[in-house]
Amino acid sequence: MKEINILIVEDESIVAMEIEGYIKKLGYSVAGTCSNAQDAFTVIEEQDINIILMDICIKGELDGVETAAMIKKNHPDIEIIFLTAHLDDYNVDRAIEINPTAYLSKPFNREELRVFLKIALHKIYKNFI
C-alpha cells in the first residue's frame, strides 16, 4: 500500500497545527500546511499529494473553493475535504461543483474527519485497481 500524503490548506496557524497533530495521530503523513493557493499549488507540484483538507477562507486572491477547483482540473485524482465555518448555500453550492469527498463544519468533529479520510482513501485505492 502506498503512503498517503495529506496537504492542509488553512490560514489560521493554530487550527492548522491542531489538524496536523490529529492527522499524524491517525498515522497519516502530512506533506505540509499552506495558508494560500499559491503555496498549495507549489506543494502539489513538488510532492505527490493524495488528499487536501481545504478551508474556504484562505489568504490571497483565490478562496478555497476556487483553489480546489483549479487543483481538481489539473489533478483529478486528489481528494478534497473541505473544513470550513462557511455553511451558506453559496459556498456549499460552489463546493459541490468540484465533487468533494466531504464538506465539514468547523469546529470539526474528529470522528467525522476520520471517517471521511477513510472514504477518501477508499476512492484513492479504488483508482489503483
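Which side chain makes a polar contact with the side chain of Asp-63? Keep that question in mind as you open the model, which is a predicted one, and begin the tour at Asp-63 itself.

**Stop 1: Asp-63 and Arg-94**

Select Asp-63, which sits in the loop between strand S3 (51–54) and helix H3 (64–74). The partner to display beside it is Arg-94, since the side chains of Asp-63 and Arg-94 make a polar contact at 2.4 Å. Asp-63 has a relative accessibility of 19% and therefore counts as buried, the cut-off being under 20%. If neighbours within four places in sequence are set aside, the residues in contact with Asp-63 are Ile-56, Ile-58 and Arg-94.

Now centre the view on Arg-94, which belongs to helix H4. With 18% relative accessibility, Arg-94 also counts as buried. A polar contact of 2.9 Å joins the side chain of Arg-94 to that of Asn-91, while the contacts of Arg-94 beyond four places in sequence are Ile-56, Asp-63, Val-65 and Glu-66.

**Stop 2: helix H4 and the loop after it**

Widen the selection to helix H4 (89–96) and colour Asn-91, Arg-94 and Ala-95, which are buried in this helix. These residues span an arc of only 100 degrees around the axis, so they fall on the same side of H4. Asp-89 and Ile-96 are exposed on the other side of H4. To see what lies over the buried residues of H4, display the elements that cover them, which include H3, S4 and S5.

Follow the chain into the loop between H4 and S5 and pick out Asn-99. The phi of Asn-99 is near 55 degrees, a positive value in a residue that is not glycine. For context, most residues other than glycine have a negative phi. Asn-99 is exposed, with a relative accessible area of 55%.

**Stop 3: strands S4 and S5**

Next, show S4 and S5 together, and trace how the two strands pair in the parallel sense over four bridges. Within this pairing, Phe-82 has Tyr-103 as its bridge partner in S5. How many aromatic pairs does the structure hold? There is one aromatic pair in the structure, and it is formed by Phe-82 and Tyr-103 in a tilted arrangement, with 5.7 Å from centre to centre and 45 degrees between the planes. Phe-82 lies in strand S4 (residues 79–84) and Tyr-103 in strand S5 (residues 102–105), so the pair ties together parts that are 21 residues apart in sequence. Phe-82 counts as buried, at 0% relative accessibility.

Turn S5 to compare its faces: Ala-102 and Leu-104 make up the covered face, whereas Tyr-103 and Ser-105 make up the uncovered one. Such a pattern can be read against the general rule that side chains in a regular strand alternate between the two faces of the sheet.

**Stop 4: from Pro-107 to Leu-113**

Move on to Pro-107, in the loop between S5 and H5, and inspect the peptide bond that leads from Lys-106 to Pro-107, which is cis with omega near 0 degrees.

Then select Leu-113 in helix H5 (residues 110–128), a buried residue with a relative accessible area of 0%. Beyond its neighbours within four places in sequence, Leu-113 is in contact with Tyr-22, Ile-23, Leu-53, Ile-81, Leu-83, Leu-104 and Phe-108. A distance drawn between the C-alpha atoms of Leu-113 and Phe-82, which are 31 residues apart along the chain, comes to 10.0 Å.

**Stop 5: helix H1**

Two of the contacts of Leu-113, Tyr-22 and Ile-23, lead to the last stop, where the buried residues of H1 are Val-15, Ala-16, Ile-19, Tyr-22 and Ile-23. They cover an arc of only 130 degrees around the axis, which puts them on the same side of H1. Rotate to the other side of H1 and you will find Ser-13, Ile-14, Met-17 and Lys-25 exposed.

Helix H1 runs over residues 13–25, and at 1.5 Å a residue its 13 residues should span 18 Å, which agrees with the 18 Å between its end C-alpha atoms. Finish just after H1, at Gly-27, which takes a positive phi of about 95 degrees.

Technical notes. Residues numbered from 1 in each chain as written. Predicted model: local features only at pLDDT ≥ 70, side-chain atom pairs only at ≥ 80, totals over all residues. Heavy atoms only, no water. Expected span 1.5 Å × (residues − 1). Buried < 20%, exposed > 50% of the residue type's maximum accessible area, 1.4 Å probe, protein only. Arc of directions from axis to C-beta. Polar contact = N/O pair within 3.5 Å; in protein donor to acceptor, adjacent residues only side chain to side chain. Contact = heavy atoms within 4.5 Å. Phe/Tyr/Trp six-rings, centres within 6.5 Å; stacked < 30°, edge-to-face > 60°. Pairing = 2+ DSSP bridges.
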